[in-house]
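This briefing is meant for a reader who is meeting the structure for the first time. Please keep the model in view while reading, and look up each residue as it is named.

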Amino acid sequence: MVGIGIGIPQVIRNELVEIIWRQDWEMDISIPGVSATGTLPNLDTATVAHGISTSARFDGTDTREAAISKPFGDTYSWILHSQPPEQDGKPLWGSFPQWLAEDSSTTYWITGKPGSGKSTMMKFLLQQPLVRGCLSRELGNLRLLIVRYYACNAGTALHQSFEGLKRTVISQALDLYPELTLKLAPRRYFLYQVLRATSSLPHWNTWEVVETFKALLS
């Protein structure tokens, strides 16, 4: 099947999708042209990753972030102070740089009234070298993956759901590390090898999103 190439009739394409999208399907490395590591020949990984990343996105994925106003100068620089000011002997907020530097599983929770600037602060923090520097300090041979998702009550169901978050994270991970494509989305990678076009990739089912997200977390 690897050598079928462009021009596959729709009925054959549908049959391929039905077979490959069975939940128990695994890539058979004994297929001619597939290496022992599961890689496929003559494919530009970046092109495939971009196509699959695009398929994971949904309408308005970037709408919320684009609508967030650009932080003005040092408006939010106070969050980067290692020693927050105190009131009655207690810090007014937890030290964000300290939290970044610690090996902790706790969440740094930023809360406030609607319109108080929470999303704007997050957009500001994502642009700060300090954040990347602190997170990279103890990585060793591991690679840093910084992704973002802005939930939006005014958007569609995917803008307000865990599935939308997962698809956004998957898309950004593939954009940042295209070489992960075969491990995260082997079905789509293989189908692209056959069809040579990402426009024919099927819609994402919930179980496939979960499968790919688990692969990413591993």
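In this predicted model, helices α2 and α9 cross in a right-handed sense, and they pack at an angle of about 120° with their axes 10 Å apart. Because of that angle, α2 counts as oblique to α9. On the side of α2 the contact is made by Thr45, Thr47, Val48, Ile52 and Ser55, while α9 contributes Arg188, Tyr189 and Tyr192.

**The pairing of α2 with α7**

- Helix α2, which spans residues 45-56, also meets helix α7, residues 162-176, and the axes of the two come within 8 Å and cross at roughly 165°.
- An angle over 145 degrees counts as roughly antiparallel, so α2 is described as roughly antiparallel to α7.
- The crossing in which α2 passes α7 is left-handed, whereas the crossing of α2 and α9 is right-handed.
- The residues that meet here are Ala49, Ile52, Ser53, Ser55 and Ala56 from α2, and Arg167, Ser171, Leu174 and Asp175 from α7.

**Ser53, a residue of α2**

- Ser53 has its place in helix α2, and it counts as buried because its relative accessible area is 1%, which falls under the 20% limit for buried residues.
- When residues up to four places away in sequence are not counted, Ser53 touches Ser171, Leu174 and Asp175, and these three are among the α7 residues that meet α2.
- With one of these partners, Ser171, the side chain of Ser53 forms a polar contact of 2.7 Å.

**Arg187, a residue of α9**

- Arg187 belongs to helix α9, which covers residues 186-195, and α9 is the helix that packs obliquely with α2.
- Is Arg187 buried or exposed? Its relative accessibility is 2%, so Arg187 counts as buried.
- Its side chain is joined to that of Glu211 by a polar contact of 2.8 Å.
- Apart from its neighbours within four places in sequence, Arg187 is in contact with Ile20, Trp21, Arg22, Gln23 and Trp25, and also with Trp207 and Glu211.

**Pro85, a residue in a loop**

- Pro85 sits in the loop that runs between helix α3, residues 63-67, and strand β1, residues 86-87.
- Its relative accessible area is 39%, and Pro85 is therefore classed as partly exposed, a class that lies between the limits of 20% and 50%.
- Leaving out neighbours within four places in sequence, the contacts of Pro85 are with Lys90, Pro91, Leu92 and Trp93.
- Between Pro85 and Ser95, which are 10 residues apart along the chain, the C-alpha atoms are separated by 9.9 Å.

**The protein as a whole**

- The protein contains 10 helices and 2 strands, and their order from the N terminus is α-α-α-β-β-α-α-α-α-α-α-α.
- Of its 218 residues, 38% are buried, and Ser53 and Arg187 are examples of buried residues.
- Among the contacts with a separation of 6 or more, 67% are between residues 24 or more positions apart.
- The area that the protein exposes is about 13,400 Å², and carbon and sulfur atoms supply 54% of this area.

Technical notes: Residues are numbered from 1 along each chain as its sequence is written. This is a predicted model: local features need pLDDT of at least 70, side-chain atom pairs count only at pLDDT 80 or more; totals for chains, interfaces and linings use all residues. Side-chain values use heavy atoms; hydrogens and water are left out. Helices (H or I, at least four residues) and strands (E, at least two) are DSSP runs, numbered from the N terminus. Buried means under 20% relative accessible area, exposed over 50%, partly exposed in between (1.4 Å probe, protein chains only). Contact means heavy atoms within 4.5 Å. Accessible areas come from the Shrake-Rupley method with a 1.4 Å probe; for residues, only the protein chains shown count as cover. A polar contact is a pair of N or O atoms within 3.5 Å; within protein, one must be able to donate a hydrogen and the other to accept it, and residues adjacent in sequence count only if both atoms are side-chain atoms. Axes are lines fitted to C-alpha atoms, for helices over the stretch in contact, and angles run from 0 to 180 degrees between N-to-C directions. Angles under 35 degrees count as roughly parallel, over 145 as roughly antiparallel, 65 to 115 as roughly perpendicular and the rest as oblique. A crossing is left-handed if the near helix is turned anticlockwise from the far one by less than a right angle, and right-handed if clockwise.
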